[in-house]
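Let's take a friendly walk through this structure, with the sequence and the model side by side. The route goes through a sheet and then on to a pair of helices.

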Amino acid sequence: MPASLSEIIMHLLEKEPDNRYQTAEGLIHDLERVRVATAPFRVGERDVPLRLLPPSRLVGRDDELAALGVAFEEALAGRCGGVLVGGAPGVGKTALVNQLRPVVTGRDGWFVAGTFDQYRRDLAFDAVNQAFRALGRLLLAEPEDELGAIRQRILRALGSNAGLMAATSPELAALLDTPPAAGDPLTAQVRAQRAALAMLRAVASRKRPVVVFVDDLQWAGRTPLGFVDLVLSEEPIEGLLLVSAYREADVDATHPMKQMLSRWEQQAGLHQVRLENLPVSGSVAMVAEILRADPAAVTSLAAVIEPHAHGNPYETVELLNALRGEGVLAPTADGWRWDAAAVRAHLGRSEVTGLLKARVAAIPAQSRRMVEAMACLGGRAEASVLQTAIAGPVDGVVQMLAPALAEGVLVLEPGAHDAVRFRHDRIREVVLGGLNPRRRCTLQLAMARRWRRYRSCSRSPRSSTCRCSMPSTITRSNTGWWRCCGGPLTRPR
Ligand SMILES: Nc1ncnc2c1ncn2[C@@H]1O[C@H](COP(=O)(O)OP(=O)(O)O)[C@@H](O)[C@H]1O
Ligand SMILES: [Mg+2]
């Protein structure tokens, strides 16, 4: 086998995904060189992805990762109940906590997660509920005899609240094998919080640790926030760790989390991790990783970007992509080329929000309208939900979204469902901010009406089973329809 072909194969097999080919074009180019040329060449010389992606390994977060690792070890011994990760948007909170996932699974544990939404307070966008549904799916996949024993243990722990837990999701209803029965609505909130904690106590152990990650806690509603408060205020449970990430600047004096935070800070068995922007050396390392270049070769580029991105990882990636899109940063056969003056002039014109707005505006109108509809629905949406909401063509949703996916505004969610989500909540904020209030209200109302019509058609005449993907708990009333499309309680006139 020619040595260069062997090199190509080894490059395809690299352990780190970042070190493998990133594009089919890059691989085709190299294979053609093997076919026509005898002289050696640098593997991957034309392998430049259309959209620059952040490195899969975090830059400059060794201390924070170590702190998370220590908290997990302490949780195994019942000495730590929770970790709070605070910081600005885009600083890397979500990415940091997700690094714990392989650590937990490496110890035979379960890592379950959910994310709160800024504009939705219903169960589908309740991070605690999402995490419990994931836990339910993991438990249901256990071998039948073990599942039976766990079910009994959980039922004993839940007592009369088993029906209440079963009412929160289809996964828990199947797991508990109990008819959903929420019981007295006046006490449901407190009972739900206590029952959720009791269930975790029955499942987590040193042998089968459970890490629950609830992201964007600053947007939590009262019930899930009360649950987090309960877990963090109780004695740590062996094998259970609750990790919460939140935007520090959003928790002002009037925020319901404010008082809790001051209480949590005094709490033994609770770790706090504050994420700051990367220092200059970190920014250089990050630019080098993204461009796959030598740090020394990109120091001057990083220096021009730094005053604009301030070492914020998300903004660094966005700025590099904007520069590339404008052609002031371009790949060549000898590596990346840029004109420092042009880069400075370009960045001087607009901050990151302005660049994001320009990116959204550049998406073709049909795709942009879908992105706007999606921004009203939530940070993520299943293709079937979007299709109904915008009355789009069957099977055409993902194709219609293709330009937004190519632009990096949306990403496909990995997993069995056909779902898309915003690459970051900052993009969603820009999309929503760009909609004038009247248009936003009209769009939300139109979607809510379509949902109501769809639900009336898809309801079987004999049963009240709903086939739409909106949870029935939020689709009962007209207000429910309206709110699940992101609308406030007052309708447009
Ligand atoms: N230290 C880092 N090194 C490399 N990439 C990072 C780092 N921190 C964040 N990122 C990337 O920046 C983007 C924003 O990070 P994210 O975790 O979503 O921010 P946050 O949750 O704080 O808003 C993600 O694409 C993430 O992979
Ligand atoms: Mg985040």
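Two strands are said to pair if DSSP finds at least two bridges between them. Please keep in mind that this is a predicted model.

With that cut-off in hand, the sheet is a good place to begin. Five strands form an open sheet in the order E2-E3-E4-E1-E5, and their pairing is parallel. Strand E2 (110-115) and strand E5 (270-275) are the edge strands, each pairing on one side only. On average, neighbouring strands of this sheet are turned by 15° against each other, direction ignored.

Three of the pairings can be set out with their bridges:

| Strand pair | Sense | Bridges | A facing pair of residues |
|---|---|---|---|
| E3 (residues 210-215) and E4 | parallel | 5 bridges | valine 214 and serine 244 |
| E1 (residues 82-87) and E4 | parallel | 6 bridges | glycine 86 and tyrosine 246 |
| E1 and E5 | parallel | 6 bridges | glycine 87 and leucine 275 |

Now for a closer look at E4, which sits between E3 and E1 in the strand order. Is strand E4 mostly covered or mostly exposed? E4 spans residues 240-247 and is mostly covered, with 8 of its 8 residues buried. In a regular strand, side chains alternate between the two faces of the sheet. On one side of E4, Leu240, Leu242, Ser244 and Tyr246 are all buried. On the other side, Leu241, Val243, Ala245 and Arg247 are buried as well, so that both faces of E4 are covered. Two of these residues also appear in the table: Ser244 is the bridge partner of valine 214, and Tyr246 stands opposite glycine 86.

How does the chain get from E3 to E4? Helix H11 (residues 222-233) joins with E3 and E4 in a β-α-β unit, and this unit is right-handed.

The last stop is a helix pair. Two packed helices are described by the angle between their axes and the distance between the axes. For helix H15 (residues 313-326) and helix H16 (residues 340-349), the axes come within 11 Å and cross at roughly 115°. Angles of 65 to 115 degrees count as roughly perpendicular, and H15 and H16 are therefore roughly perpendicular to each other. The crossing of H15 past H16 is right-handed.

Which residues meet where these helices pack? From H15 come Leu319, Ala322, Leu323 and Glu326, and they meet Val343, His346 and Leu347 of H16.

Key: Residues are numbered from 1 along each chain as its sequence is written. Chains are lettered from A and ligands numbered from 1 in the order in which they are written. This is a predicted model: local features need pLDDT of at least 70, side-chain atom pairs count only at pLDDT 80 or more; totals for chains, interfaces and linings use all residues. Side-chain values use heavy atoms; hydrogens and water are left out. Buried means under 20% relative accessible area, exposed over 50%, partly exposed in between (1.4 Å probe, protein chains only). Helices (H or I, at least four residues) and strands (E, at least two) are DSSP runs, numbered from the N terminus. A crossover is right-handed if, with the strands pointing away from the viewer, the path from the first strand over the helix to the second runs clockwise. Axes are lines fitted to C-alpha atoms, for helices over the stretch in contact, and angles run from 0 to 180 degrees between N-to-C directions. Angles under 35 degrees count as roughly parallel, over 145 as roughly antiparallel, 65 to 115 as roughly perpendicular and the rest as oblique. A crossing is left-handed if the near helix is turned anticlockwise from the far one by less than a right angle, and right-handed if clockwise. Contact means heavy atoms within 4.5 Å.
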